[in-house]
Amino acid sequence: SKTISNGSLREMRFLRKSDNSLKYDDLPVTGKRPLFFAAVFMLTGILFAKNTGANPVYSCVLAAILLLGCVVFAKYKYSAVLLLFSIMLFSGAYYSFRTLPPKNDISKLGSVRLEGRVEQVKYSEKTDSYLLRDVYVNGESIEEKVYLTTRKTGYLLDDIIISNGSVSIPKGASYPGDFDYKQYLLSKGAAYTSFSYDTGRSSHAKDAVSFVNDIRYAVSN
């Protein structure tokens with residue numbers, strides 16, 4: 001019979017140690033609590049982007065490199081660390097993209113005619129607030145959404161409503177640790193706020209999303 005050389009034995013031991021059939025006790029702490037660490041790194045990425053203003057493009061490129069490294073070194077136990085850092089950078093880049101300031105400031109136009117589709121609704125005792133998407137300002141489309149507050153009107157999701165009034169850019173936090181209303185609205189895609197008592201319902205959107213929402217309203221009623 002043929003004898004196995006010492007080099008072959010070392011290679012066999014290496015392959016046995018680097019395989020992926022690890023027991024739970026042999027996993028690193030990141031492998032034992034993957035969802036917890038993913039959530040922590042995601043939140044860390046958001047906080048990092050918020051406080052440093054990191055360029056989202058550079059963050060995406062670096063995250064893609066780390067993700068590639070995770071795939072290349074997947075056989076090693078601690079390759080999950082590269083994946084966690086890529087999650088951190090991707091979440092920070094996503095936050096930065098969502099909170100970019102508007103390209104064209106329409107708050108200086110004065111009184112304007114707004115037309116948009118209701119995406120979210122918040123009813124209160126005397127006023128209603130609507131997050132409008134697919135917004136047109138004086139007949140021209142804008143990329144950003146508008147958070148519109150009106151008197152008690154009772155508009156529904158996917159209603160197309162028209163309002164006349166001025167738009168403004170919401171104010172940010174007044175002091176460190178204060179609630180940042182501007183960043184909150186930007187995270188929803190709304191770069192502007194508007195308050196108007198002169199509103200009306202133009203029509204109701206007809207697509208798959210509105211069909212589902214109509215069924216929800218019917219079941220609720």
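**Exercise 1.** In this predicted model, find which helix gives the most to the lining of the largest cavity.

*Solution.* Step 1: list the lining residues, which are Gly-45, Phe-48, Ala-49, Ala-54, Asn-55, Pro-56, Ser-59, Met-88, Leu-89, Gly-92, Ala-93 and Ser-96. Step 2: assign them to elements; those giving two or more residues are helix 3 (34-52), helix 4 (56-72) and helix 5 (80-98). Step 3: pick the main contributor, helix 5, with five residues.

**Exercise 2.** Describe the chemical class of the lining of the largest cavity.

*Solution.* Step 1: sort the lining residues by class, counting Gly as polar. Step 2: the tally is seven nonpolar and five polar residues. Step 3: no charged residue appears in the lining.

**Exercise 3.** State how many cavities of 30 Å³ or more the whole structure holds, and give the volume of the largest cavity.

*Solution.* Step 1: the search of the whole structure returns one cavity at that cut-off. Step 2: the largest cavity has a volume of about 60 Å³.

**Exercise 4.** Place the helices and strands of the protein chain in order along the sequence.

*Solution.* Step 1: count the elements, seven helices and seven strands. Step 2: read along the sequence to obtain α-α-α-α-α-β-β-β-β-β-α-β-β-α.

**Exercise 5.** Work out what share of the protein chain is buried and what area the chain exposes.

*Solution.* Step 1: take buried as under 20% relative accessible area; of the 221 residues, 33% are buried. Step 2: the exposed area is about 14,500 Å². Step 3: carbon and sulfur atoms supply 60% of that area.

Note on methods:
Residues numbered from 1 in each chain as written. Predicted model: local features only at pLDDT ≥ 70, side-chain atom pairs only at ≥ 80, totals over all residues. Heavy atoms only, no water. 1 Å grid on protein atoms, 1.4 Å probe; cavity = no way out; pocket = protein on both sides within 12 Å on 5 of 7 lines; lining within 4 Å. Points joined across faces, edges and corners; volume = space filled by probe spheres on them. Helix = DSSP H or I, 4+ residues; strand = E, 2+ residues; numbered from the N terminus. Buried < 20%, exposed > 50% of the residue type's maximum accessible area, 1.4 Å probe, protein only. Areas by Shrake-Rupley, 256 points an atom, 1.4 Å probe, with all protein chains shown as cover.
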